[in-house]
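Below are my notes on the model you sent. They are set out as numbered points, starting with the ligand site.

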Amino acid sequence: KENEFSVLEGFYLIHETIGRGGFAKVKKATHILTGERVAIKILDKAALGDDLPRVKQEIETLKFLNHPHICQMYQTFDTDRKIFIVMEYCQGGELFDYIVQRDRLTEVEGRRIFRQIASAVAYCHQKGVVHRDLKPENILLDSENNVKLIDFGLCANSTNCHKVELETCCGSPAYAAPELIKGERYIGTQADVWSLGVLLYALLNGFLPFDDANLGILYKKIQIGKYEEPRWLSEGSKNILRCMLQIDPKYRVSVDQLLNHTWCQEGSQEPLPLVDTDDSMNVVDNDVIRLMAANIGVQPELLKSRLSLVNYDKYELATYFLLLRRKQKTGVQIFR
Ligand SMILES: CN(C)C[C@H]1CC[C@H](N2C(=O)N(C)Cc3cnc4ccc(-c5cc(Cl)c(O)c(Cl)c5)nc4c32)CC1
């Protein structure tokens, strides 16, 4: 039993299992060199069978998504039987539980959360990735209740979009767009915006716009597209929901238009990360490089060139990401 994690020995301390998703087990762990907490998704290749390509897809996608509201992958490697994905730990757990505990969110809290989700989805769309399974269960929160988008197992990008059949791509019926349910050819970004509408509705109301125990009736309700507008909804929130829950996708807003909608602009907003945050992937942080280089006794330039390969099976890339995250959280002084 213990030898299945021997590949992690000396690098990560494994703690309890914090969740299961499909063929995956997610364990809490500690990145030994920095003492930082991480989550490790462990998949058994044999159990995956023909789902293996989906996992490879998620790994390739996570490799080039680098955004504060997308769960960051730090390292990934595999043994003959297992695949390991080391990721950012999200202390706050699932958004789904966060809503259930509060019945529903206030408009201010709902707007803060929704803007972070929309900025993550806008970033994905700008990188040519559609998520296709947006729902509260796939949105985690960190220790400051900031959003972390996860589970890109169902996502599509320009390469695989024609391959994925209907049944595997409509992740959760209640969040699936009408055109996706009809089995018509559909545009992934537009289907994601519909799911965002269902998500915002769930955030602000604590229940789903379209719901029924019977799948056939649920599909009918989605295609009719009529939903209740509870009295506590403001005019602005009713308006932005209508923009997303348009049954005809050609009348549906894009996620960029969403972020500029007056409802999103209301109130005091913390600045959203610029959509093209991935230039941080290339510009490595010199404070972190200097600290790491001194620690392992190499020239900063050599370490920089090794890291710039962004080779995810290297432990030191995980070290770099975790030190960078610590610097972002606690400021520079610990690095000087
Ligand atoms: C219901 N889902 C399909 C799976 C569930 C697995 C545990 C997870 N979790 C929890 O359930 N906590 C209670 C804590 C927790 C803390 N940090 C996490 C960090 C990353 C992930 C994660 C999980 C999966 Cl399956 C991914 O694909 C990615 Cl990209 C990331 N899950 C975490 C996680 C929430 C989701």
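1. A convention comes before the ligand shell: Ala, Val, Leu, Ile, Met, Phe, Trp, Tyr, Cys and Pro count as nonpolar, Asp, Glu, Lys and Arg as charged, and the others, with Gly among them, as polar. On that basis the shell around the ligand consists of nine nonpolar, six charged and two polar residues. Please keep in mind throughout that this is a predicted model.

2. The ligand has 17 residues around it, and those that come nearest are Lys41, Glu58, Glu88, Cys90 and Asp151. Three strands, β1 (12–21), β3 (36–44) and β5 (82–88), each contribute at least two residues to the shell. The most comes from β1, which gives four residues.

3. Some polar distances to the ligand can be listed. In the side chain of Lys41, an N or O atom is 2.6 Å from an oxygen atom of the ligand. For Glu58, a polar side-chain atom lies 2.9 Å from a ligand oxygen atom. Ile18 takes part through its backbone, where an N or O atom is 3.5 Å from an oxygen atom of the ligand. On its own the ligand has 660 Å² of accessible area, and the protein covers 85% of this.

4. Glu36 belongs to strand β3, one of the strands named above for the ligand shell. Its relative accessible area is 24%, so Glu36 is classed as partly exposed. Leaving out residues up to four places away in sequence, Glu36 touches Ala29, Thr30, His31, Leu322 and Arg326. With Arg326 there is also a polar contact between side chains, at 2.6 Å. Glu36 and Tyr12 are separated by 24 residues in sequence, and their C-alpha atoms are 9.8 Å apart.

5. How many disulfides does the model have? The count is zero, where the cut-off for a pair of cysteine sulfur atoms is 2.5 Å. Cys71 fails because the closest cysteine sulfur, in Cys90, is 4.2 Å from its own, too far for a bond. Cys90 is also among the residues that come nearest to the ligand. For Cys264 the closest cysteine sulfur is in Cys243, and at 10 Å this is likewise too far for a bond.

6. Are Cys71 and Cys264 buried or exposed? Cys71 has a relative accessibility of 5% and therefore counts as buried. Cys264 is buried too, with a relative accessible area of 0%.

7. Ser237 sits in helix α9, which spans residues 235–244. With a relative accessible area of 1%, Ser237 falls under the 20% limit and so is buried. Which residues does Ser237 touch, not counting those up to four places away in sequence? They are Glu107, Leu204 and Trp263.

8. Some totals for the chain close the note. The chain has 336 residues, of which 51% are buried, and it contains 15 helices and 10 strands. Among contacts with a separation of 6 or more, 65% are between residues 24 or more positions apart. The accessible surface of the chain is about 16100 Å², and carbon and sulfur atoms account for 53% of that surface.

Technical notes. Residues are numbered from 1 along each chain as its sequence is written. This is a predicted model: local features need pLDDT of at least 70, side-chain atom pairs count only at pLDDT 80 or more; totals for chains, interfaces and linings use all residues. Side-chain values use heavy atoms; hydrogens and water are left out. A residue is near a molecule or strand if one of its heavy atoms lies within 4 Å of it. A polar contact is a pair of N or O atoms within 3.5 Å; within protein, one must be able to donate a hydrogen and the other to accept it, and residues adjacent in sequence count only if both atoms are side-chain atoms. Accessible areas come from the Shrake-Rupley method with a 1.4 Å probe; for residues, only the protein chains shown count as cover. Buried means under 20% relative accessible area, exposed over 50%, partly exposed in between (1.4 Å probe, protein chains only). Contact means heavy atoms within 4.5 Å.
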